[in-house]
Amino acid sequence: MTAATSQAQHRRAIGESRRFALRVGFYGMVALVALFFALPMAWLILAPFDQVPTLAAEVPEFTLSNFERVLNNRLALRSMVNSLLLVVGVVGLVIVTGAPTAYVLSRIRFRGREIFLYVLLLFSSVVTGTAAMVPLFLLVFNLGMIDTFTGVVLVLAGGTLPASIFILKDFTDNTPPSYEESARVFGASPIQILRDIVLPVIRPGLAVVSVWVGVNVWGNFLLPFILLRSPSRSPAAVLMYSFYTEGGQADLRLISAFSLLYTVPVLLMYLYVNRRYGFRFFGGLKG
Amino acid sequence: MQPSSAMTRRLVVVFAAMALLLTACGTEADEATTTEAPAETTATTAGEEATETTETSEPVTVEIAANAIRDGKNSAEAIWIEDYVIPTFEAQMEEQGRDVTVVFNGRGVDDEDFKAQLALDLGSASGADIISIDGIWVGEFAEAGYILPLSEAVGPEVDDWEGWDQVPEAVQQNMSYQGERYGVPTGTDGRVLYFNKDLFEQAGLPTDWQPTSWDEVLETARALKAALPDVTPLQINAGTPMGEATTMQGYLPLLVGTGERIYDEESETWAGATAGTQAVLEFYESIFTEELADADLQIRQDGRDRSFQDFAAGSIAILGEGDYFWRSVVNPQEGIAPMENRDEVVGWAKIPAQTPGSGISGQDFVSMSGGGGRVINPNTANPAVAWELMMFINSREAILEFLAGQARISQRMDVNEEVLAGDPFLSYVADEVLPLTAYRPGFAIYPQVSVLLQEASEQVALGTSAADAAQQYQSDLEGLVGADAVTGG
Amino acid sequence: MADTVKTLQDRPRSLGSGGGTLSTRAAGGLLSPAAVLIVVFLVFPAAWTLYLGLTNYRLTGAAAANPQFVGIANYTRALSDSDFWNSLWVTLVFVFGSAIVGQAVLGFSLAWLFRDWKSRWRQMVELLVILAWIIPGSVVAFLWVAFLDGDSGTLNSLLGIDTEWLLRRPLLSIVVFNTWRGTAFSMLLFGAALASLPPSHLQTARLAGATGWQQLRDIVLPSIKGYILTNLLLISLWTFNDFTPFLITGGGPAGRTELLPIYIYKEALTFFELGYGSAISALMLIINLVIALGYLRSMRVRT
């Protein structure tokens, strides 16, 4: 073996051990990150199955009785149904009004279109809920819709429309207009074009918007908190808050099982959309 | 009433279609909510119009609203209304050949939320016919025009009710504003110092404890701390998380013990950084710096609930609270922090003035009382029937039925005599504490003053000196009500 | 995603057939429902906030029956109220700490770290990060209340201490919480950004001997500046308006975590000071606008 080759071997060895160290470092960091994100969530999968749950995440004394408690609690079940109703209402309204809007904005160009959308998006980030809680409250009050689902649905739809249109427009931008043109030549009305040509193609976009809006509405606390009154109309987000601020001790058995049940739908929705369409925000770009 | 409601009404027209569409798809819950009241009513004297019309066999519906719900908050009241008041009253009406239906609209929410809901209902000229409110809200609601004196909401006949003789003047005041009765009180309460007799025994202290000054309280606390290091000697509420419970159970009983009231009627001023305020804050300073009380407990979100749990578990020796504590917290049957041996272990004592004779009206002992009542909605369609129902609810028989053998201080003296005899604690409160008590001033601004008191005590709990906290409080108060309306500093 | 962000920076792509194929009526008809919703429930309340802030309207008390126009009295009151300044300060710290430093840096780091990692494990780790983001706010709030509990929380059990995090270090607690909560968005956005970089640039740099850090500094960051600014803008605004910490600390202790939204809530909906609350909301809107303009300026300067 020459000096050159042993030198080369030596360099290779250093290179390998360096790579090894880097790899270890990499996996170490990954582990840390995973731990950071997983730890607070651990409670959510351990406590609901624990006979006597405490605030710490610990190995459970297995039982399903906590879920029974939830099922037997009228208000708890009702609240999840309420959340579902809100989601269906808002998502439906957003898609029905937002998709055509996105389509129109894609096909019609006017000066400042991009700025307009961008401004609208910013606006909705700022206004929904907190900054405008007083006038929203008064508006719904004056419309006589305090303590109604309608009021909440309308407000939430108005608030999430700009972002939804923004997302959908990217999808409608990507659909070629040639089919539409042919269809129009054959006399199809805009509605028909929308329904039969555009909608099927932007289905992934609709799915993303549904998840985006759905997740936001499912978890929305502030607006139902302000606009609804009766406990029987409270969605799960609001009812849950009252569980652990109630007088006396918070019932961890109820809270843990309820939290898990309340979380599962959102998780499933995400997994489904991710598997089917890939969860990325805009356009068809995959990573 | 609201600004730009004209503009909104225009929008309502635009929206009618959308709203209709959504009402078809979405669902609203099936509970009966508000009565249909004419949309344009402002606070007029509905009494005059209605007296002739409803004394016939026309079907009438009357609604009661309260922050009570079966199996939840104030469950006993909800059950009583649903199971006794409604059937009994409806039966009575039937005997007279009248078709009256009574509906109960019960909710079990936070007091603040309930207040907001009521403000909304009353502000939109809707809401139940009979509404339960806290006495301290009467001023605000009256100033906003949401409620009217009973004589205007119903008619002059309200003053003829025999029940007024049974309700002590001071208790009536709780539901009055500027000399007029706005509602019928539902009872009142008093504050005392509870203590754990077992812990006192262990520390070698006498179990028939009745302190006569603040210094005695501090001495007792120090003795407890020395003898039982693991026990928190004292819990006097402070801080903002406990809200009005700080003001009512902690701050104000101390303040009236210095001879000062938070609002002085003669000079029409609020107490700023007065001598009394300084003394109160210094008392807080002592208990926190000497660690006779747990400062952390005052700033935790769940501090009040924890203090209840701690007392029940024997880790707090002395606690200042209202009779609510005895009835609904440490009550062995239905309390939220039940103590099995409550009757043997829990002792009670009057709250002492700072020194003997230094309390308001020269008293040696002091207390604070609150309480609520029921009002009649000025927008009611049936004021006469609502008033009849009101009289029935507050009749001796109905209240006895409500108490159902359970001891509780009601608004009627005749009932109290009968019912409290069996409960030594509550008869003690009724006989010895109520005569000493004071009430809060019924102004719309009071809740915000109350928060300033809570904040001052909170600053002290967090380590600010009493003097600094008092100065801050003075300037905050001046900012709130104007420098002219504040004494002290 | 890449396309959209680019369009914001470059000229709008010419797509579709322009204004000729859809009649204005049809377009109007398709647009109007959304337009109505947005105008009524988004634009109008914002405008109304500005108006209400000029009155002394309350929900109870004399000012409920007779609201008066008070001009800028509410604004001067807010600007001289130490609670307002405290709230503003807390909010700025919260936004800077959890969004700009926390979410963006961590999100970018994760996107950079994982950029070439094609493995099942990557999906799992990403899932964890995303879960933190999509789990409903009320649940997440309670998870952290439990996690940080002094006596029996998971964190203290693992570290063997008993610090009451929410009492002693409340602001730090919510900053860490919000970082944990929102990193997913930045991670996804930067992931898309990195994926859109032409690999040739990086390869050239690597061949020329540039270290990872140098590649990052000289090639990557400048190329995705637009993404960075967009990201920072969105998460800053979202964080500024976030109400979730209320569910953890209630704004306490003693206002140490009283973010502007929480402060507004307390003034408007517990004290019923609707006029005053609106004025503070208006101030908040203005501050948000300033922030947004700042970012937009930076983006435009670049192009």
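**Exercise 1. The small sheet in chain B**

In chain B, 3 strands form an open sheet, β13-β14-β16, with mixed pairing. Work out which strands stand at the edges, and which residue stands opposite M368(B). Keep in mind that this is a predicted model.

*Solution.*
- Step 1: look at partners. β13 (351–352) and β16 (437–438) of chain B each have a single partner strand, so one side of each has no neighbour in the sheet, and these two are the edges.
- Step 2: pick a pair. β14 (residues 365–368) of chain B runs parallel to β16(B), with 2 bridges between them.
- Step 3: find the register. M368(B) faces A438(B) of β16(B).

As background, strands of a sheet pair through backbone hydrogen bonds, either parallel or antiparallel.

**Exercise 2. Strand β1 and its partners**

Take strand β1 (residues 60–66) of chain B: how many of its 7 residues are buried, and how many bridges join β1(B) to β2 and to β3?

*Solution.*
- Step 1: check burial. The strand is mostly covered, with 6 of the 7 residues buried.
- Step 2: go to β2 (residues 100–106) of chain B. This strand and β1(B) run parallel and are joined by 7 bridges. Here I64(B) sits opposite F104(B).
- Step 3: go to β3 (residues 130–134) of chain B. Again the run is parallel, and 2 bridges link this strand to β1(B). The facing residues include A65(B) and, in β3(B), I131(B).

**Exercise 3. A loop residue: buried or exposed?**

Find I147(B) in chain B and decide: is I147(B) buried or exposed? Then list what I147(B) touches.

*Solution.*
- Step 1: locate the residue. I147(B) lies in the loop between α5 (138–143) and α6 (150–153) of chain B.
- Step 2: count neighbours. I147(B) has 26 C-beta neighbours inside 10 Å, so it counts as buried; the cut-off is 20 or more.
- Step 3: list contacts. Leaving out residues up to four places away in sequence, I147(B) touches L122(B), F141(B), A142(B), Y182(B), V375(B) and P378(B).
- Step 4: check a long-range pair. N377(B) is 230 residues away in sequence, yet its C-alpha is 6.4 Å from that of I147(B).

**Exercise 4. Two interfaces of chain C**

Describe what each partner brings to the contact of chain A with chain C, then do the job again for chains C and B.

*Solution.*
- Step 1: count residues for A and C. Chain A puts in 82 residues and chain C 78.
- Step 2: find the top contributor on the chain A side. Helix α1 (residues 3–46) of chain A gives the most, 13 residues.
- Step 3: sort that side by class. The tally is 57 nonpolar, 16 polar and 9 charged residues.
- Step 4: switch to C and B. Here 23 residues of chain C meet 25 residues of chain B. On the chain C side, α2 (24–52), α3 (62–65) and α15 (260–270) are the elements giving two or more residues. By class, this side has 15 nonpolar, 7 polar and 1 charged residues.

**Exercise 5. Domains and confidence in chain A**

How is chain A divided into domains, and where in chain A is confidence lowest and highest?

*Solution.*
- Step 1: split the chain. Domain 1 covers 3–49 and domain 2 covers 71–277; their C-alpha centres are 40 Å apart.
- Step 2: take the overall confidence. Chain A has a mean pLDDT of 83, and 93% of its residues reach 70 or more.
- Step 3: compare elements. Helix α4 (residues 113–131) of chain A is lowest, with a mean of 74, while helix α3 (residues 74–107) of chain A is highest, at 90.
- Step 4: flag the weak stretch. Residues 282–287 of chain A have pLDDT below 50, and this stretch has 21 contacts in the model beyond near neighbours in sequence.

Note on methods: Residues numbered from 1 in each chain as written. Chains lettered and ligands numbered in written order. Predicted model: local features only at pLDDT ≥ 70, side-chain atom pairs only at ≥ 80, totals over all residues. Helix = DSSP H or I, 4+ residues; strand = E, 2+ residues; numbered from the N terminus. Buried ≥ 20, exposed ≤ 12 C-beta atoms within 10 Å, placed from the backbone. Contact = placed C-beta atoms within 7 Å. Pairing = 2+ DSSP bridges. Nonpolar A, V, L, I, M, F, W, Y, C, P; charged D, E, K, R; others polar. Domains from an automatic or database assignment. pLDDT = per-residue confidence, 0-100.
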